[in-house]
Amino acid sequence: MRETSQETSQEISTTDVTLPSIPASLQSLLDSDGARHFKRRRHLIDVEALSPSEIEAIVETARSLKTLMMQGQLPLRALSGKSVATLFYENSTRTRSSFELAAANLDAHVLNLDINSSSVVKGETIDDTARTISAMGVSALIQRHAQSGSPERLNEIAPPTISIINAGDGWRGHPTQALLDYMTMIEICKSVEGRKIVIVGDIKHSRVARSNISLLKKFGADIHVCGPPPLVPYGIESLGVRSHYELCNAVEGADFIMALRLQKERQKQGLIPSTADYAHLYRVDHACLRMAGSGVRILHPGPINRGIEITGALADDPALSLITTQVTNGIAVRMAVLLILLRNGD
Ligand code: CP
């Protein structure tokens, strides 16, 4: 049954009153100081800016939403009548689909702009596309773009009422990935303080590595990075991490190992001799885990190059791999971000 809603002039005037509303336990998380501070930002552009209490509020909200998801209690009547748009100028499987499911689970409408069949192909500028979609009355623009800093540009163009959510910009940041990775780790160990987390691969060009380092340092994790010298940025120790060029040394005593996708264009650029050489030295497999901690777990943001940065056997090992949990948690984290930023009230 649909009834009229007059919450804001931008909202589509329908609400499905048969859907469950936000339960009290979830509402108390939304009322926390951390959630209120995050909501006041209006945007999620980089994890760098977030305080630990804001991050905890997002992740606790995500955990509560995950429980509802697992109990089959979604969708919620939470963002009824609101619309969000996804603008993906780079390919995506996980991030785009999970934002779409997250919005649907909160009863929001989703406008997925297919860039390849949009007027971008006819020469419309990115700025004009943003202006056009903004004029359609959406509450959020969720953008992925190859250019670092593109969310700030979008923020200059879009009206101030629209939330900008960064779904990955160049080498700079992928905030929801870091949030879901953090959620996945604390489901295992409660706190990352003092935990050894090793990020392996192309650290230099990785927005996932950059956002994870920034977030995990806020919670006292012992972060190590490992990769071929051309792919480990000079001076990265200034971020408070330790760098390694040998995988066996790096993973010694590790609690978590995060393998990154090898971006194959790095071989064309001459940054690695060959993918076979890379795999020989840096592929994470069961053998290299002999040096790791006894409870070590494996993460990978995806997409995976099986056999290059991680063996298929390890990626699929249910006792060690957290990769499918990361995907599930991605929906919960993106629901939490949308719910906190877009819900009505202060
Ligand atoms: N981890 C991640 O960003 O995956 P997608 O590129 O598939 O969105």
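This report describes the ligand site, the internal space and some backbone features of a predicted model.

**Ligand site**

The ligand occupies the largest pocket of the structure. Its surroundings are formed by Asn91, Ser92, Thr93, Arg94, Thr95, Arg144, His174, Gln177, Pro301 and Gly302. Sorted by class, this shell comprises 7 polar, 2 charged and 1 nonpolar residues. Polar contacts to the ligand include those in the following table.

| Residue | Protein atom | Ligand atom | Distance |
|---|---|---|---|
| Ser92 | side-chain N or O | oxygen | 2.6 Å |
| Gln177 | side-chain N or O | nitrogen | 3.0 Å |
| Pro301 | backbone N or O | nitrogen | 2.8 Å |

The ligand taken alone exposes 250 Å², and the protein buries 92% of that area. Ser92 thus appears in the shell and also offers its side chain to a ligand oxygen atom, whereas Pro301 approaches a ligand nitrogen atom through its backbone.

**Largest pocket**

The volume of the largest pocket is about 530 Å³. Its lining consists of 24 residues, and those closest to the centre are Glu90, Arg144, Arg207, Arg261 and Gln263. Helix H4 (94-105), helix H8 (207-217) and helix H10 (265-268) are the elements that each supply two or more residues to this lining. The class composition of the pocket lining is 11 polar, 7 charged and 6 nonpolar residues. Arg144 belongs to the ligand shell and is also one of the residues closest to the pocket centre.

**Enclosed cavity**

How many cavities of 30 Å³ or more does a search of the whole structure find? The search returns 1 such cavity. About 40 Å³ of space lies within the largest cavity, and the residues around that space are Ile203, Ala209, Arg210, Ile213, Pro233, Ile236 and Leu239. The cavity lining has 6 nonpolar residues and 1 charged residue, with no polar ones.

**Backbone features**

Two cis peptide bonds may be noted. One joins Leu74 to Pro75, with omega about 5°; Pro75 belongs to the loop between helix H3 (52-70) and strand E3 (83-88). Another links Gly302 and Pro303, with omega about -5°, and Pro303 is placed in the loop between strand E11 (297-299) and helix H12 (312-315). Gly302 is also listed among the residues around the ligand.

Arg42 has a positive phi near 70° although the residue is not glycine. Arg42 is located in the loop that runs between helix H2 (33-41) and H3.

Technical notes: Residues are numbered from 1 along each chain as its sequence is written. This is a predicted model: local features need pLDDT of at least 70, side-chain atom pairs count only at pLDDT 80 or more; totals for chains, interfaces and linings use all residues. Side-chain values use heavy atoms; hydrogens and water are left out. On a 1 Å grid over the protein atoms alone, a cavity is a set of points where a 1.4 Å probe fits but cannot get out, and a pocket is an open set with protein on both sides within 12 Å along at least five of seven lines; lining residues have an atom within 4 Å of a point. Grid points are joined across faces, edges and corners, and a volume is the space filled by probe spheres set on the points. Ala, Val, Leu, Ile, Met, Phe, Trp, Tyr, Cys and Pro count as nonpolar, Asp, Glu, Lys and Arg as charged, and the others, Gly among them, as polar. A residue is near a molecule or strand if one of its heavy atoms lies within 4 Å of it. A polar contact is a pair of N or O atoms within 3.5 Å; within protein, one must be able to donate a hydrogen and the other to accept it, and residues adjacent in sequence count only if both atoms are side-chain atoms. Accessible areas come from the Shrake-Rupley method with a 1.4 Å probe; for residues, only the protein chains shown count as cover. A molecule sits in a cavity or pocket if more than half of its atoms lie within 2 Å of its grid points. Helices (H or I, at least four residues) and strands (E, at least two) are DSSP runs, numbered from the N terminus.
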